[in-house]
Amino acid sequence: MRSYFLPLLASFILKHAFCSQIQTPKIAVIGGGIGAASTTHFLTELFNNDLKIDLYEANKIGGRLATIQIDDNEYEAGGSVIHSQNKYMQEFVHLLGMEHRPSREQRFAIWNGTDIIFEESNSKIFTLAKLIYKYGIQPFKLNSYIDSIFADFAKIYHLQNKGQSFMNVTSMLMAMNKEFPKLLQVSIKDHLLNLGYPEKLIDELVEAPLLVDYGQTTAVHSFVGCVTLSVATGDLWSVKGGNKKVPEHLIYRNVNVNVLSSFVNKIRYRTINNFPIYEVHYSNKDSIDVMKNHYDIVILANPLTKDQKTHITFEDIPGDDLTFLGEYQTTIATLVKGDINPNYFGLEEELDSILSCNNNIDIRSVGRIDTVEGPTKIDSKIWKIFSNASLPLTLLNNIFLNIEEVKEVAWKAYPRYTTNARLDKFKLYDGLYHVNAIEWAASAMEMSAIAGRNVAILAHDEFLQRFSNEPNTPNMPKDTSHKIEL
């Protein structure tokens with residue numbers, strides 16, 4: 001028995017000695033949207049609560065998930081719908097003890113700027129009959145094709161459950177389906193034409209949801225086009241109280257997260273005893289003083305293109321110059337309290353939603369919206385209009401019979417998609433990661449959550465690997481904030 005005891009004791013001592021070298025990681029997360037919130041959540045799980053996170057967000061937690069108040073009620077002003085098969089968003093809502101917002105049946109029409117080209121009926125059977133009469137069986141074939149795309153996309157959940165991670169967007173898509181990366185380099189219109197779908201269907205039934213969801217046409221690449229169509233044909237829901245509640249609660253309920261209301265100005269790479277350390281320079285909202293903290297890991301969970309309001313400078317980071325190509329699409333959400341004028345659209349009666357399929361007109365969609373708590377007994381008089389530019393009051397007075405109030409929200413909502421080849425990376429350098437790289441495949445709450453988990457797995461595994469290769473870890477520089485010269 002003694003011969004077994006000594007090797008077991010030696011193994012225990014060695015294991016204990018190795019584990020004692022693993023220091024608690026100090027992590028900076030930059031951004032406060034659903035991508036940042038998801039990343040902090042999954043990091044906390046992976047590190048089993050043994051970590052320290054500073055989350056930098058100068059504005060409100062929630063990012064592009066935001067609400068706006070009219071009278072005494074709040075309405076979704078940012079990302080407003082979630083697909084029923086979005087696994088992580090469903091799990092977050094369950095974990096946080098939240099609820100799906102009640103909804104009601106709505107009728108829609110598609111408008112080409114002059115005429116209504118399709119109008120939903122009160123009867124689902126009659127609506128299906130009208131679809132078949134106008135487009136044949138092609139819409140149903142397209143729906144089946146999108147379902148097959150979504151089935152392959154859903155493989156990511158199994159891969160992430162196994163702990164698999166990906167350095168870049170292309171490798172992630174290839175793991176779902178080896179053909180997916182090709183979808184990034186062909187427009188959704190050309191892709192569907194090549195599959196045999198008629199141009200009329202593409203210009204109407206595909207163009208309309210793209211203009212609504214992304215403010216862009218069928219010239220976008222095919223992957224984001226397919227994501228849009230999955231939303232258009234799926235069961236949708238929202239979070240009662242507002243979708244922003246998910247990132248808010250994921251962040252504020254996490255005792256390992258310290259929120260700093262600050263702008264990050266610069267990220268500098270340093271080494272101490274050959275050990276990588278990141279120096280994050282930041283300023284508080286109401287101060288010009290620049291401070292700095294030091295971290296083992298830095299995770300960027302915000303857009304980094306040059307058209308953003310704030311810019312981060314990268315200094316002394318080895319390898320390729322960190323430049324982030326492309327630009328984000330500006331979307332205007334105009335909320336109007338009033339009565340819609342159906343005659344403006346050529347309608348005989350009021351409908352809940354009118355979708356444009358014409359990129360050459362001012363508006364992308366007009367839809368009646370309920371409060372973040374759900375519908376009331378009386379039909380809502382609040383309408384949301386999506387457009388790519390501010391709408392003049394003269395136009396609004398034509399669309400509405402009377403207007404009691406108008407509020408406008410402008411936001412850089414999502415990337416401007418093209419078919420140009422990209423090599424967007426989740427891992428920028430050792431210990432430096434970018435969640436929002438995934439947005440160039442498609443921008444949605446669930447996409448950000450998937451990217452958040454991917455980056456969390458990458459950061460966790462590489463941090464542990466770093467310590468297995470570095471038996472003598474250095475002391476971190478003192479990370480109390482202090483002023484430095486600009």
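Helices (H or I, at least four residues) and strands (E, at least two) are DSSP runs, numbered from the N terminus. Residues are numbered from 1 along each chain as its sequence is written. What you have open is a predicted model, in which local features need pLDDT of at least 70, side-chain atom pairs count only at pLDDT 80 or more, and totals for chains, interfaces and linings use all residues, while side-chain values use heavy atoms and leave out hydrogens and water.

**Stop 1: the sheet**

Select β9, β2, β1, β13, β21 and β20, in that order: these six strands make an open sheet with mixed pairing. Two strands pair if DSSP finds at least two bridges between them. Look at the edges, where β9 (257-260) and β20 each have a single partner strand, so one side of each has no neighbour in the sheet. On average, neighbouring strands here are turned by 20 degrees against each other, direction ignored. (Axes are lines fitted to C-alpha atoms, for helices over the stretch in contact, and angles run from 0 to 180 degrees between N-to-C directions.)

Now zoom in on β1 (residues 26-30) and β2 (residues 52-56), which pair in the parallel sense over five bridges. Pick K26 and you will find its bridge partner, K52, in β2.

**Stop 2: the helices alongside**

Add α2 (residues 34-46), which lies across β1, β2, β9 and β13 (297-300) and runs at about 180 degrees to β2. Contact means heavy atoms within 4.5 Å.

Next, show α12 (residues 245-252), where V246, P247, E248, L250 and I251 are buried. Buried means under 20% relative accessible area, exposed over 50%, and partly exposed in between (1.4 Å probe, protein chains only). The buried residues of α12 pack against α2, β2, α3 (87-95) and β9.

**Stop 3: a loop with positive phi**

Move to the loop between α2 and β2 and select N48, then N49 in that loop between α2 and β2. N48 is not a glycine, yet has a positive phi of about 55 degrees; phi of N49 is near 70 degrees, also positive in a residue other than glycine. Is each one exposed or partly exposed? N48 is exposed, with a relative accessible area of 62%, and N49 is partly exposed, at 47%.

**Stop 4: S443**

Finish in the loop between β21 (432-434) and α14 (445-469), where S443 is found. S443 counts as buried because its relative accessibility is 15%. Leaving aside neighbours within four places in sequence, display its contacts: R64, Y214, A413, Y414, P415 and Y417.
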